[in-house]
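Please look over the sequence and the model shown below before reading on. The paragraphs that follow lead from the overall make-up of the chain to a pair of helices and then to a single side chain.

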Amino acid sequence: MGFYVCRCCVVCLVWQRICSNEGCKGILESCNKKRKKNMLWALFSTVLAILTVRCILKQNKDMSLGDLVEVIRSAKATYLLLGALASALFVWFESIALQAILRHTKCPHGGLQTLLYSASDIYFSGITPSATGGQPASAFFMMRNGISGGMATAVLILNLMMYTFSIVFLGIVSILLKPHAFLEFGIASKILIGIGFVGLTLLSVIFFILLKKEDLIFRPLSALITFLCNKRILKGKEHKLKRMAKIREDYARCSALISGRKRILFGAFFWNLVQRACQMTVPMLVYAALGGQAGKMLMVYAKQCLVTIGYNFIPVPGGMGVADYLMIDGFSSIMGEQLAFSVELISRGLMFYICVAASGVLTLVGYVWSGQRQKKQLVKSSS
C-alpha cells in the first residue's frame, strides 16, 4: 500500500493497548522489544541516504562532494539560514497543529509535550518503510502522558487527515498559479504525481470516514480478538473486549468533540497547511542562495509542491531516491541540470536528512525526560 495508507498503523497502538496486561507499561515493553528493529531500520535508512547521495553525484559527472561543499561555501548565507529555519519550523508547526487539537480535548497539550509528539512522528516516519513508525511513536508518547488510547487515535487520525489534505491543497494551488509546472515534468514523474493526487485525495476521505465511523476500526479488532481467544492464542477474552470498549468510548467521545466543531477542524487544517507550506519553501530559498533568478522562484515552489505529492505515496523511507529523482527532473527545466543537482542535494539535506536527525535527537531526549517524569509520578502515587 501507499505511504499514507500504511501510516494508519496507529490503530496497531489500540491493539497493543488492548492486549497488554499492564496498559502503558505493556506498550513500553513492546516498544523496547522493537528497539533493535528500529535501530536496524535507522541503519538501513542511513545507508540508503548515503547511496542516494552517491548515485546523484555519480549521475552528475561534473560534481563531486568537494564541489558541493564549495557550492555551499559560496552560497548566500542569509538564504541558507532561512532554509534551515523553514526546516526547523516544519517540526514546530506540527506540534502547534497537535496542540490546537488537544487543547479542546482537555488532554495534556504543553509546548514541550506536543513538540515531542511531532519530533517522534517525523523521526520514525523518516526511518521506517511507508512511515509505519511515525504515528505509533507519537501515540506512545501521548499515552505516556496520560492520554487514553482512544483519544490519541482520534487526534492523530484528524491530524493525519489535515496533513494529507494540505498537501493536495497546495498541489492544486501550485497548478492554478503555474499551470506549466506539471507539464514540464517527464512522463514517469507525471505518472507518480498523478497517482499521488488521486491516492492522497482518497486517503483524506478515508481518514474523515474513520473519524466519523469508529466501527470500521473497532469491529474488525473485536472480531480478531474473539477469533484469537477462541483459538486459545490469546487469553482473557472478556477483559480484552472490555478494555477495547473503553478505548472505543474514548475514541467516539473525542471524535464527536473535534469533528463537530468547525473551529477545531479549521485550526488543524491551517497549522498543517502552514507546516507543509513552510517546508516547501526550502528549495526556493536554496535556489535564491545559489544566485537563482527572482522571477523563477515561484515556479520552483510550485514544482516542489508537486514533487511532494509524487513521492509521498511511495513506500520508501522518506521517499529517498524517488524525491531526489522528481526534484532533479522538475528543477532541470527551470535552472539547468548542474544547478538543479546542487539545489536538490542541499534542499534534501536541510528539509529531510538534517531535519530527521534533529528530530531523532529530540525524540531520544524526550524519551529519557518523559521516562524520568513517569517514574517520579509513580513514586509520588505509591508514597
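**From the whole fold to one lysine**

The protein has 18 helices and zero strands, and the model that shows them is a predicted one. Of its 383 residues, 54% count as buried, while the surface that the protein exposes comes to about 17600 Å², with carbon and sulfur atoms supplying 67% of that area. If one takes the contacts between residues at least 6 apart in sequence, 79% of them join residues at least 24 apart.

Two packed helices are described by the angle between their axes and the distance between the axes. Helix 7, which covers residues 111–127, packs against helix 8, residues 134–144, at an angle of about 155 degrees, and their axes lie 7 Å apart. Because an angle over 145 degrees counts as roughly antiparallel, helix 7 is described as roughly antiparallel to helix 8, and the crossing between helix 7 and helix 8 is right-handed. On the side of helix 7 the contact is made by Leu 116, Tyr 117, Ser 120, Asp 121, Phe 124 and Ser 125, which meet Gly 134, Gln 135, Ala 137, Ser 138, Phe 141 and Met 142 of helix 8. By class, the residues of this contact divide into six nonpolar, five polar and one charged.

Further along the chain, helix 16 (residues 297–311) contains Lys 303. Is this lysine, Lys 303, buried or exposed? Lys 303 counts as buried because its relative accessibility is 0%, and buried means under 20%. Leaving aside residues up to four places away in sequence, Lys 303 touches Ala 181, Glu 184 and Phe 185, together with Gly 330, Phe 331, Ser 333 and Ile 334.

Methods:
Residues are numbered from 1 along each chain as its sequence is written. This is a predicted model: local features need pLDDT of at least 70, side-chain atom pairs count only at pLDDT 80 or more; totals for chains, interfaces and linings use all residues. Side-chain values use heavy atoms; hydrogens and water are left out. Axes are lines fitted to C-alpha atoms, for helices over the stretch in contact, and angles run from 0 to 180 degrees between N-to-C directions. Helices (H or I, at least four residues) and strands (E, at least two) are DSSP runs, numbered from the N terminus. Angles under 35 degrees count as roughly parallel, over 145 as roughly antiparallel, 65 to 115 as roughly perpendicular and the rest as oblique. A crossing is left-handed if the near helix is turned anticlockwise from the far one by less than a right angle, and right-handed if clockwise. Contact means heavy atoms within 4.5 Å. Ala, Val, Leu, Ile, Met, Phe, Trp, Tyr, Cys and Pro count as nonpolar, Asp, Glu, Lys and Arg as charged, and the others, Gly among them, as polar. Buried means under 20% relative accessible area, exposed over 50%, partly exposed in between (1.4 Å probe, protein chains only). Accessible areas come from the Shrake-Rupley method with a 1.4 Å probe; for residues, only the protein chains shown count as cover.
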